[in-house]
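Thanks for sharing this one with me. Here are my notes, in numbered points, for you to read alongside the model.

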Number of protein chains: 2
Amino acid sequence: MAITIKDLAKLANVSKGTVSRVINGSSGVGAETRQRILKLIKDLDYQPNISARGLAAKRSYNIGMIIPHTGNYSLSSSYWSALLTAVNEQVMARGYNLLFSTARAQDDVASSYRTILKRRCADGLIIGADQFGEEHLAELLTMDFPFVTVGKTPNNSVYYVDVDNRGGARQMTEYLLDQGHRKIALLTGPLEYPYVQERIQGFSQVMMAAGLSPHQIFHCPYQIQAAKEKTKDLLKLFPETTAIFAACSELVWGVIKAAQEMKIKIPDDLSLVSFDDHPLFEVFSPEITAVSQRINEVGRTAAERLFELVEGAVPAQKGIVLSTEIIVRRSCANRCKSSHPH
Amino acid sequence: MAITIKDLAKLANVSKGTVSRVINGSSGVGAETRQRILKLIKDLDYQPNISARGLAAKRSYNIGMIIPHTGNYSLSSSYWSALLTAVNEQVMARGYNLLFSTARAQDDVASSYRTILKRRCADGLIIGADQFGEEHLAELLTMDFPFVTVGKTPNNSVYYVDVDNRGGARQMTEYLLDQGHRKIALLTGPLEYPYVQERIQGFSQVMMAAGLSPHQIFHCPYQIQAAKEKTKDLLKLFPETTAIFAACSELVWGVIKAAQEMKIKIPDDLSLVSFDDHPLFEVFSPEITAVSQRINEVGRTAAERLFELVEGAVPAQKGIVLSTEIIVRRSCANRCKSSHPH
DNA sequence: CTGAAAGCGCTTACAG
DNA sequence: CTGAAAGCGCTTACAG
């Protein structure tokens, strides 16, 4: 039915091997022969059978991506959607396909990638750093299978692409200070995540350098309800707080909810900024100022790095760290007494 | 390196064919033999090589899903993320993998699926109805390749899963009437989408049955800015409007923006309801009342239908239409003069 | 530069 | 119920 390499070979009066060589751009084919076959391929719109190719070449021409799926979030978190989209573009640009998988828990991630590897469904993997236990990282590493994590992991043999969490937190904290804030609370995720620790470090560094106490740090799980409650606690405990730095976009919704319920106006009564931007931050009133993680860049870079690994390269640096960018909107009030409009 | 069917055959003292039969659950293997091989498979954690299997069986064991990616939206639209997640779960449950693809335009969709088909990367396809030109539908149909669209298409030979757009719009319009609204505006997407037309029909039916004018219908593209402007126009044109029914969750943001800028309070000054729910509708103040499309159901059903087709079934009905559900929250005020609290 | 041939790891009629 | 064999459509040393 479908046209095969054998048909091409017959039509071009060459062997299947030669056709195969031009398909794969291998060297050692006469220019004239190559042209002739190339023309045939185009005219007939020939596409190689991916299974046959995979079997013979021991490759699948797929890249696997496993995305956490916990409760309501996962893909709906905009971060992962953007990442998936960015990775997919790179993958397709190289003639690969993206194999998509979700995982509800760490064990699911493990079983996901195990079958993917064993069945040779993918030549490489991109995975979120968070949901990945150290044992699993070690296991993957010993299998010598190309993969990169998005976000740094505790295991420093792992290739990763990350955002400059420390720098981003520093940037934003400096911005808050510039705006005249002194009583700043950091609302952040569970301490076990490395990036949470890094954001705390960035925040603390700048606060301490300014001679301020960096101790208003609150942890909470990534749930709107929890963030709301935590915000209320925080504001009760430190009513003098003038700004909350929510170090994850999902926490922002909780802060907004809490402010609404407490009849606190943003930014008049309380400023709010975020680490990690979100498309709907422009819709809220006021629009939310945020550190953008430039997720597209992250995804693109992760894919590029993965393809290097797939092609056998051994990059010297394990990690690639991308800089962040502050998107100033209107959720942070200027508290400078001396501020005067120009 | 990896263990193959040949190894299993040797270990079990049978032929490769027999092993293959038990892997695939084919009949005609002795109970004892089957058990022995099954045990071996489990003990060795054997997984069949997917490329080899695909080549021999002329299947890929992949389901492809192509998702529109226009501007900022696509996956971030929560609708598609939820759909992708739901489909993926079904796909994985059947031992298949999900091949994910995005498309920026109709032509991209076409080239996407063409290579997927030609290369035999997938055994079936799930696609959004919108982004699919009639020529492409016809082309896919003539190739006799299993696919189902999410949403009805103009071509009635196409298998699809859809939501009861007319019924959902009817439900919500009735709810608005119940709440005492009479001056209701429908803000909806471009008229060329069949589901837009259906929602308009549902709205109009109920309005007319109540003796009301169903003519406050406004169309706008799915962009926040556009929806905002349209809302302003609408309110200028019909200042007596007491409720806006936004027939797509993305339009809701625009309405909210407009209300904020015009200092109009929701729901005190204006009620707002939506067709299509969104996770963040619970975060806004007030929480937004919406028709839920039960996207998980849609995704699950689409996958189930697709697998029927992949397995050669020829379902009699082309379409499966799922009912919607109203999620009442707080964005719609009760305007009944005679309303009294109990 | 090109061809012939083996082989990738499965499935599937066909015999028995 | 089971085996032997052909074949799926490619790739890739190996010769020449």
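1. A word on terms before we start: helices (H or I, at least four residues) and strands (E, at least two) are DSSP runs, numbered from the N terminus. A residue is near a strand of DNA if one of its heavy atoms lies within 4 Å of that strand. With that settled, helix 2 and helix 4 of chain A, and helix 2 and helix 4 of chain B, each supply at least two residues of the surface near DNA strand D.

2. Please keep in mind that this is a predicted model, in which local features need pLDDT of at least 70, side-chain atom pairs count only at pLDDT 80 or more, and totals for chains, interfaces and linings use all residues. Residues are numbered from 1 along each chain as its sequence is written, chains are lettered from A and ligands numbered from 1 in the order in which they are written, and side-chain values use heavy atoms, with hydrogens and water left out.

3. How are the two protein chains related? A rotation of 180 degrees with 0.0 Å of shift along its axis superposes chain A on chain B, with an RMSD of 0.1 Å (least squares on the C-alpha atoms of residues with pLDDT of at least 70 in both). That is the relation of a two-fold axis. The same surface serves both copies, as 100% of the contact residues of chain A recur in chain B (contact means heavy atoms within 4.5 Å).

4. Now to DNA strand C. Helix 2 (16-23) and helix 4 (50-57) of chain A and of chain B each give at least two residues to the surface near this strand. Of the 26 residues around DNA strand C, those that come nearest are Arg21(A), Gly28(A), Gly30(A), Ile5(B) and Ser20(B). Among the atoms of DNA strand C within 4 Å of the protein, 63% belong to sugar or phosphate and the rest to bases.

5. For DNA strand D, the nearest of the 26 surrounding residues are Ser20(A), Arg21(B), Gly28(B), Gly30(B) and Thr33(B). Sugar and phosphate make up 63% of the atoms of DNA strand D that come within 4 Å of the protein.

6. Some polar contacts (pairs of N or O atoms within 3.5 Å) are worth a look. A polar side-chain atom of Arg21(A) lies 2.6 Å from a base oxygen of DNA strand C, and one lies 2.9 Å from a base nitrogen of DNA strand D. On the phosphate side, a backbone N or O atom of Ser15(A) is 2.9 Å from a phosphate oxygen of DNA strand C, while a side-chain N or O atom of Tyr46(A) is 2.8 Å from a phosphate oxygen of DNA strand D.

7. Finally, the salt bridges (a side-chain nitrogen of Lys or Arg within 4 Å of a carboxyl oxygen of Asp or Glu) number 28 over all chains. Which residue does Lys257(A) pair with? Its partner is Glu287(B), with the closest N and O atoms 2.8 Å apart. This pair crosses between chains, from helix 11 (residues 249-261) of chain A to the loop between strand 9 (271-275) and strand 10 (289-292) of chain B. Glu287(B) also forms a salt bridge with Arg330(B), again with closest N and O atoms 2.8 Å apart. Glu287(B) is buried (under 20% relative accessible area, 1.4 Å probe, protein chains only; exposed is over 50%, partly exposed in between), at 17%.

How values were computed
Polar contact = N/O pair within 3.5 Å; in protein donor to acceptor, adjacent residues only side chain to side chain.
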